[in-house]
Amino acid sequence: MLNFQPKFSIGLWAFGKSPDRFVPTGYHEDIPPSKQLEIARTVKGLDGLELFYPWSFEDVSVDEMKKFLRETGLGCAAIGVAVFDDKRWQDGSYGSHIESIRGEAIALTKKTIDIAEELGTKTVNLWLGQDGYDYCFEIDYPSYWSRVIDAIRECADYNPSINLALEYKIKEPKIFETVGSIGKAILITKLVDRPNVGINIDTGHAFNAQENPAESVFLAAKYSKLLHLHIDDNYGEWDNDLVVGSVHFWSFVEMFFWLNELGYDGWLGLDLHPFRLDAVKATELSIRNVKRMLDLVDRVDKEAVRQCLLNQDYIGAMEVFERIM
């Protein structure tokens with residue numbers, strides 16, 4: 001038996017134009033959020049949506065979004081705040097040395113917190129992609145880190161009933177990200193020292209940082225707070241946001257095993273950029289792949305696996321899984 005009921009969400013951006021640096025106009029039609037919502041409505045096996053402010057509200061009001069969620073029965077898994085998608089953030093958002101820019105980032109986050117409360121989600125995702133540096137002798141580490149910590153703390157105190165989930169990434173767009181690894185993310189939550197600040201683990205970002213997601217989810221749950229998950233796949237060198245399970249099958253199975261051990265009760269948030277794929281089919285395939293992995297975790301003799309882990313018996317653990325495959 002699984003100790004948690006899987007809930008699948010998809011980032012609404014998966015149904016956008018999917019641009020890259022070579023095709024900045026995108027591989028798909030550039031449609032507004034209202035049309036993206038209609039596509040999301042057709043996805044089989046979907047339980048919720050993840051949104052971004054202000055992207056997801058370009059032609060959809062908060063009231064219209066609430067109505068859509070109510071009519072479809074979809075939940076709002078989380079709302080991200082876009083403090084990385086404009087040249088004004090080039091010297092950082094929360095960490096910017098320009099106080100007016102830093103203030104804009106904090107104000108945008110507070111607005112997102114207000115919308116999260118209206119839509120009934122408890123999670124605002126913070127990916128501080130422009131906070132970091134590219135060169136040696138570019139930033140003053142003490143003041144930069146202080147500004148980032150103070151800004152997170154201010155946003156956390158704005159509404160303690162809403163959780164702030166720090167999403168780490170080792171590189172891109174900055175070469176060295178301030179929130180770059182599970183260790184740095186945990187350190188920041190400890191320095192911020194607020195009960196509503198925790199971590200969002202993106203499996204693709206974990207692979208890029210040469211982390212094993214199973215260990216990362218354990219560390220977040222043990223030493224901070226595991227608030228949310230983004231699940232996607234890649235080959236390790238870049239954040240490709242591929243179909244879940246297309247590369248790292250056993251890494252995902254182990255992660256789901258430990259999520260089950262930890263009693264995780266949050267969302268399984270698909271974070272896909274299906275550049276040259278049908279977005280609906282890529283989403284549905286990801287959901288089916290995850291369900292297959294969860295079925296293995298559900299059926300495996302968990303006590304036998306635990307005993308193998310205690311004895312560091314890798315072959316024994318694989319043999320336990322082989323008996324049900």
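This section describes helix packing, salt bridges, one buried tryptophan and one nonpolar surface patch. The model is predicted.

Two helix pairs were examined. Helices α3 and α4 pack with their axes 10 Å apart. The angle between α3 and α4 is about 30 degrees. That makes α3 roughly parallel to α4, because angles under 35 degrees count as roughly parallel. The crossing of α3 past α4 is right-handed. In sequence, α3 covers residues 99-119, and α4 covers residues 141-158.

The second pair is α8 and α9. Helix α8 spans residues 249-262, and helix α9 spans residues 279-299. Their axes come within 9 Å and cross at roughly 55 degrees. That angle makes α8 oblique to α9. The value lies outside the ranges for roughly parallel, roughly antiparallel and roughly perpendicular, so the pair falls into the remaining class. The crossing of α8 and α9 is right-handed.

Salt bridges come next. The count comes to 13 salt bridges, with a side-chain nitrogen of Lys or Arg required within 4 Å of a carboxyl oxygen of Asp or Glu. One of them joins Glu99 and Arg102, at 3.1 Å from N to O. Both residues belong to helix α3. Glu99 and Arg102 are three residues apart, and therefore about one helical turn separates them. Arg102 has a relative accessible area of 9%. Arg102 is therefore buried, the limit being under 20%.

A bridge in helix α4 has this spacing too: Asp150 and Arg153 are three residues apart there, or about one helical turn. Their side chains meet at 3.4 Å, N to O. Asp150 is partly exposed, with a relative accessible area of 38%. Arg153 counts as partly exposed at 23%. Partly exposed residues lie between the 20% limit for buried and the 50% limit for exposed, so Arg153 is in this class.

Arg41 forms a salt bridge with Glu38. The closest N and O atoms of Arg41 and Glu38 are 3.1 Å apart. Arg41 is partly exposed, with a relative accessible area of 40%. Glu38 also counts as partly exposed, at 40% relative accessibility. Beyond these pairs, Asp86, Arg88 and Glu104 are linked in a network of salt bridges.

Trp89 lies in the loop between β3 and α3. Strand β3 covers residues 75-81. The relative accessible area of Trp89 is 0%. Trp89 is therefore buried. Its separation from Gly180 was also computed. Trp89 and Gly180 are 91 residues apart in sequence. In space, the C-alpha to C-alpha distance between Trp89 and Gly180 is 17 Å.

On the surface, Phe218, Tyr223 and Leu262 make a nonpolar patch. The area of this patch is about 250 Å². Phe218 is placed in helix α7, which covers residues 213-223. Tyr223 falls within the residue range of α7, and Leu262 falls within that of α8. Phe218 has a relative accessible area of 30%. Phe218 is therefore partly exposed, since that class lies between the limits for buried and exposed.

Definitions and conventions
Residues are numbered from 1 along each chain as its sequence is written. This is a predicted model: local features need pLDDT of at least 70, side-chain atom pairs count only at pLDDT 80 or more; totals for chains, interfaces and linings use all residues. Side-chain values use heavy atoms; hydrogens and water are left out. Patches are made of residues with over 30% relative accessible area and no salt bridge: like charges are joined within 9 Å, nonpolar side chains (Val, Leu, Ile, Met, Phe, Trp, Tyr) within 5 Å. Accessible areas come from the Shrake-Rupley method with a 1.4 Å probe; for residues, only the protein chains shown count as cover. Helices (H or I, at least four residues) and strands (E, at least two) are DSSP runs, numbered from the N terminus. Buried means under 20% relative accessible area, exposed over 50%, partly exposed in between (1.4 Å probe, protein chains only). Axes are lines fitted to C-alpha atoms, for helices over the stretch in contact, and angles run from 0 to 180 degrees between N-to-C directions. Angles under 35 degrees count as roughly parallel, over 145 as roughly antiparallel, 65 to 115 as roughly perpendicular and the rest as oblique. A crossing is left-handed if the near helix is turned anticlockwise from the far one by less than a right angle, and right-handed if clockwise.
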